[in-house]
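These are my notebook entries on a structure that I had not examined before. I set down what I looked up, in the order in which I looked it up.

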Amino acid sequence: MSDLLYKNISRYIDLSDEEFRKFAEPFRFRTYKKKELVLQTGEYCLFEGFVLNGCFKVFYLNENGAEQTLYFAVEGWWITDIDSLINHVPSTLSIEALEDSEVLMISKEDKAYLYDTMPKVEKLFRIMNQQSSVALQRRILSLIGKTADKRYSEFLEKYPGLEQRLTQQQVASYLGITHEFLSKIRKKIVRKK
């Protein structure tokens, strides 16, 4: 269960076996069924989750009630609404399992305890937050400055193999386009081959 978590954090910091056991102890194993909400808009996010198995979408509903996907989280990715978690405000995001999934959850309080007792953990999450900020900046720039064709190509690069696990509507929501327009992009790519 914790091998994937160990590999994930080992990219950023070195922990002895004993340190890793102490780090992993406050995480709680949870399972979610396909279509089950982990977090719903308006609730308070009290966790960060590390995806062991499965797939989630993190999304919001725009002014017109249309779903806009912020990101997908698959094995080795993290899920949360960071604004709600840090600022203790109602969530603007929802998180839904797209498949039967397994997650390791840690509460804000347990994470703070790790910060206080294991200085390396604070370094770990600082580096991870920096990486997340970079990814968010790139996502914003892609949405405002790139064509739908280019965004689709980047999606395929960023999430190899994920398209087969999603509906066309889910991919289109991530790209900020209609599923009809996504069909046109796919047809154009097939014709070029």
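Entry 1, contacts and overall form. I began with contacts whose separation is 6 or more, and found that residues 24 or more positions apart account for 69% of them. I note here that the model is predicted. I then looked up the extent of the C-alpha trace, which spans about 55 × 35 × 30 Å along the principal axes of the protein. The radius of gyration is 18 Å, which agrees with the value near 16 Å for a compact globule of 193 residues.

Entry 2, surface and burial. Of the 193 residues, 40% count as buried. The protein exposes about 11,300 Å², and carbon and sulfur atoms supply 52% of that area.

Entry 3, helices and strands. I recorded eight helices and eight strands in the protein. I chose helix α5, residues 119-145, for a check of its span. Its 27 residues reach 39 Å from the first C-alpha to the last, close to the 39 Å expected at 1.5 Å a residue. I also looked up burial in α5: Val121, Leu124, Phe125, Ile127, Met128, Arg139 and Ser142 are buried there.

Entry 4, aromatic pairs. How many aromatic pairs does a search of the whole structure find? The search gave me 15. I examined Phe155 and Tyr159 in detail: their ring centres are 5.5 Å apart and their planes stand at 45°, so I entered the pair as tilted. Phe155 has 1% relative accessibility and therefore counts as buried. Tyr159, at 3%, counts as buried.

I followed Tyr159 to Tyr174, where the ring centres are 5.8 Å apart and the planes are at 85°, so this pair is edge-to-face. Which parts does the pair tie together? Tyr159 lies in the loop between α6 (148-158) and α7 (168-175), while Tyr174 lies in helix α7, so the pair ties together parts that are 15 residues apart in sequence. Tyr174 has 6% relative accessibility, and I therefore list this residue as buried.

Entry 5, a cluster and two charges. I found one aromatic cluster formed by Tyr6, Phe20, Phe23, Phe27, Phe50, Trp78, Tyr115 and Phe125. Phe125, a cluster member, is among the buried residues of α5. Lys111 lies over the face of Phe125, at 4.1 Å from the ring centre. I recorded another such placement at Phe59, where the charged end of Lys57 sits over the ring, 4.8 Å from its centre.

Notes: Residues numbered from 1 in each chain as written. Predicted model: local features only at pLDDT ≥ 70, side-chain atom pairs only at ≥ 80, totals over all residues. Heavy atoms only, no water. Phe/Tyr/Trp six-rings, centres within 6.5 Å; stacked < 30°, edge-to-face > 60°. Buried < 20%, exposed > 50% of the residue type's maximum accessible area, 1.4 Å probe, protein only. Helix = DSSP H or I, 4+ residues; strand = E, 2+ residues; numbered from the N terminus. Lys NZ or Arg CZ within 6 Å of the ring centre and 35° of its normal. Expected span 1.5 Å × (residues − 1). Rg over C-alpha atoms; globule rule 2.2 N^0.38 Å. Contact = heavy atoms within 4.5 Å. Areas by Shrake-Rupley, 256 points an atom, 1.4 Å probe, with all protein chains shown as cover.
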